[in-house]
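User: Hi! I'm new to protein structures and would like to walk through one with you. Could we take it step by step?

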Amino acid sequence: MKTIYILWKRQLIKYFRSKSRIIGSLGQPLLFLIALGFGFGPIYVKAGGGNYIQFLAPGIIAMSILFSSIFSGIEIIWDRQFGFLKETLVAPVSRFKIMIGRTLGGATVALLQGTIVLVITLFVGFRSNLMLLPFAFIFMALISMLFTALGTAIASMLEDMQGFQLIMNFLIMPIFFLSGALFPLQGLPKAISIITLINPLTYGVDGLRGTLANLSSFGLFNDFAVLTIIAVVLLWVGSYLFSKIQV
Amino acid sequence: MDNIITAKDLTKNFKDILAVDKISFSVKQGEIFGFLGPNGAGKSTTIKMLTTLLNPTSGEISMNGFSPVLNPDKVRKIFGIVFQDPSLDDDLTAYENMELHGVLYSVPKNILKQRIEQLLNIVELNDRRNDVVKHFSGGMKRRLEIARGLLHHPKILFLDEPTLGLDPQTRNHIWDYIKELNKSESITVFFTTHYMEEADRIANRVVVIDHGKIVAQGTPSELKKQTGTKSLEDAFIAVTERDIRSEESSNLDMMRIRRKMFRR
């Protein structure tokens, strides 16, 4: 327990010490929110979709959590290059605990980041259903865990930052763009529709949209179940890969 | 005395490079053991295999009776290590780095605080304890790492070139403390160094490894006698003799091996 706690605390200390990271990672969601929100807003209304900010805001919150989580997981590569990883790997604690501590820490950071973005969306004009806010936090926490575990699994296999660009462009960006964060998933071509349905973030976005804006299309329980199952599987895969790291 | 470390026909291949080639040696409980060799000889690779970070290609290791491959958690409990290259978290303070290590090695809380302070005093960093490590000089980081490696009073302490880049004062300080620990807690010390004078003064017994093979072993005075030399440095050069050309190619080997290990 103490191992998990101290590694969790480490992630938080590092997060709060890097002010530039906190502010820097808010730039992208803010830009998406303003540029897309106000840019496509009028067209969305004309198409009969209603208020676009209302539709977009949960997607942007999910986006900020996605990126923040993946980066937390990927931090293992930095730790490997700066040597700190060795310090934890030779310690007499199970690698499973190390992995869980790191993942919880990274997920907490992502959750904080998502919360800040949620507050920002309220300023941009998002009208949220505050009654279901606790459930929204559950979904945010699930998305955070799921993608931090994914980041950990990926980072355990990568040896340096060179492979990262590949992961970014062929995995993370598609996960984001094909999740329904930016546009409704109805009426898409068959192939793309299938991709969106196997994309875990789709259910995260849907869950957030359901709790924050009453716009769920799969049902909150289904979203919850899918996310939980995938998160557990990824945690398992992540800890397996992490336990196999040789320095 | 019993052997606390034994290696038998230990071998490690990195694709086409044979980093360690069938070496066998043993270290006795409570001994200060010098593991010497030129750059790229296979010292760090051997240490990584002993400390569960790398699996050997073939051969057997026993660390206090346990195999690092089969029982890594049991082995990890009994040693402490100061790595050749830095392994601190730059974003944490000196104290936080120490504390994290203490928790990972389950040092009891009441002892931990006092021991951190004692060790930080020895390496003369106690006044900088709350500074983030990022702002430390290379020598300060080194000192902090040594303090950290000693924090949990391990049974075996691995020191991979611990005093590289330190001034003589700090070096003496640190070795005095290590010798003291070796006596009072009978900690076995396994170290590598390029300072032969240091090895001569401190090691009870040394092994010289070159091109992944053991080329000499014994007490420093035995080595000097065998080679008919006056200092351990001369003895070292006599057993690892090589001209400048092969030195160059060996540097390249070293870089390749390092790069490989880095990427692992």
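User: Which residue in β7(B) stands opposite B:I32?
Analyst: Happy to start there, and keep in mind that this is a predicted model. Strand β3 of chain B (residues 32-36) is joined to β7(B) by 3 bridges, and the two run parallel. Follow the pairing from B:I32 across to β7(B), and you arrive at B:V189.

User: What is the bridge partner of B:L157 in β7(B)?
Analyst: B:L157 belongs to strand β6 of chain B, which covers residues 156-160. This strand and β7(B) run parallel and are joined by 5 bridges. In β7(B), the partner of B:L157 is B:V189.

User: Is strand β7 of chain B largely enclosed or largely open, and how many of its residues are buried?
Analyst: Let's look at its two faces. On one side sit B:T188, B:F190 and B:T192, on the other B:V189 and B:F191, and all of them are buried. Strand β7 is therefore largely enclosed by the rest of the structure, the buried count being 5 of the 5 residues.

User: What is the order of the strands in the open sheet of chain B?
Analyst: The sheet has 6 strands, and their pairing is mixed. Its edge strands are β5 (79-82) and β9, each of which pairs on one side only. From one strand to the next, the twist averages 15°. Reading across the sheet, the order is β5-β6-β7-β3-β8-β9.

User: Why is strand β8 of chain B described as largely enclosed?
Analyst: The reasoning rests on counting buried residues. A residue is buried if 20 or more other C-beta atoms lie within 10 Å of its own. Strand β8 spans residues 205-210, and it is largely enclosed by the rest of the structure because the buried ones number 5 of the 6.

User: Which residue of β8(B) is the bridge partner of B:F35?
Analyst: β3(B) and β8(B) run parallel, with 4 bridges joining them. One pairing to notice is B:L36, which stands opposite B:V208. For B:F35, the partner in β8(B) is B:V207.

User: Which residue in the turn between β8(B) and β9(B) has a positive phi?
Analyst: β8(B) and strand β9 (residues 213-218) run antiparallel and are joined by 5 bridges. Among the pairings, B:V208 has B:A216 as its partner in β9(B). The two strands form a hairpin with 2 residues between them, and the turn residue with a positive phi, about 50°, is B:H211.

User: Where else in chain B is there a hairpin, and which residue takes a positive phi there?
Analyst: Look at strands β1 (residues 3-14) and β2 (residues 17-28), which pair in the antiparallel sense over 8 bridges. Within this pairing, B:A7 has B:F25 as its partner in β2(B). The hairpin of β1(B) and β2(B) has 2 residues between the strands, and the residue with a positive phi near 45° is B:K15.

User: Does B:E99 count as buried or exposed?
Analyst: B:E99 is placed in helix α3 of chain B. In space it is 7.7 Å from B:I116, C-alpha to C-alpha, although the two are 17 residues apart in sequence. Because B:E99 has 21 C-beta neighbours inside 10 Å, it counts as buried.

User: Which element gives the most to the side of chain B that touches chain A?
Analyst: The contact takes in 25 residues of chain B and 23 residues of chain A. By class, the chain B side has 11 nonpolar, 4 polar and 10 charged residues. The elements giving two or more residues to that side are α2 (72-78) and α3 (94-104) of chain B. The one that gives the most, with 4 residues, is α3(B).

User: At what angle do the axes of helices α1 and α5 of chain A cross?
Analyst: α1 covers residues 2-17 and α5 residues 95-124, and their axes come within 7 Å. The crossing is right-handed. The residues of this contact divide into 9 nonpolar, 6 polar and 3 charged. The crossing angle is roughly 35°.

User: Which helix gives the most residues to the largest nonpolar core?
Analyst: This core has 133 residues, of which A:A62, A:L66, A:I143 and A:L146 touch the most other members. Leaving out residues up to four places away in sequence, A:L66 touches A:I143, A:F147, A:I175, A:F176 and A:L201. The top contributor, with 17 residues, is helix α3 (residues 52-81) of chain A.

Technical notes:
Residues numbered from 1 in each chain as written. Chains lettered and ligands numbered in written order. Predicted model: local features only at pLDDT ≥ 70, side-chain atom pairs only at ≥ 80, totals over all residues. Pairing = 2+ DSSP bridges. Axes fitted to C-alpha atoms, helices over the stretch in contact; angles between N-to-C directions. Left-handed = near helix turned anticlockwise from the far one by under 90°. Nonpolar A, V, L, I, M, F, W, Y, C, P; charged D, E, K, R; others polar. Core = buried A, V, L, I, M, F, W, Y, C linked by C-beta atoms within 7 Å. Buried ≥ 20, exposed ≤ 12 C-beta atoms within 10 Å, placed from the backbone. Contact = placed C-beta atoms within 7 Å.
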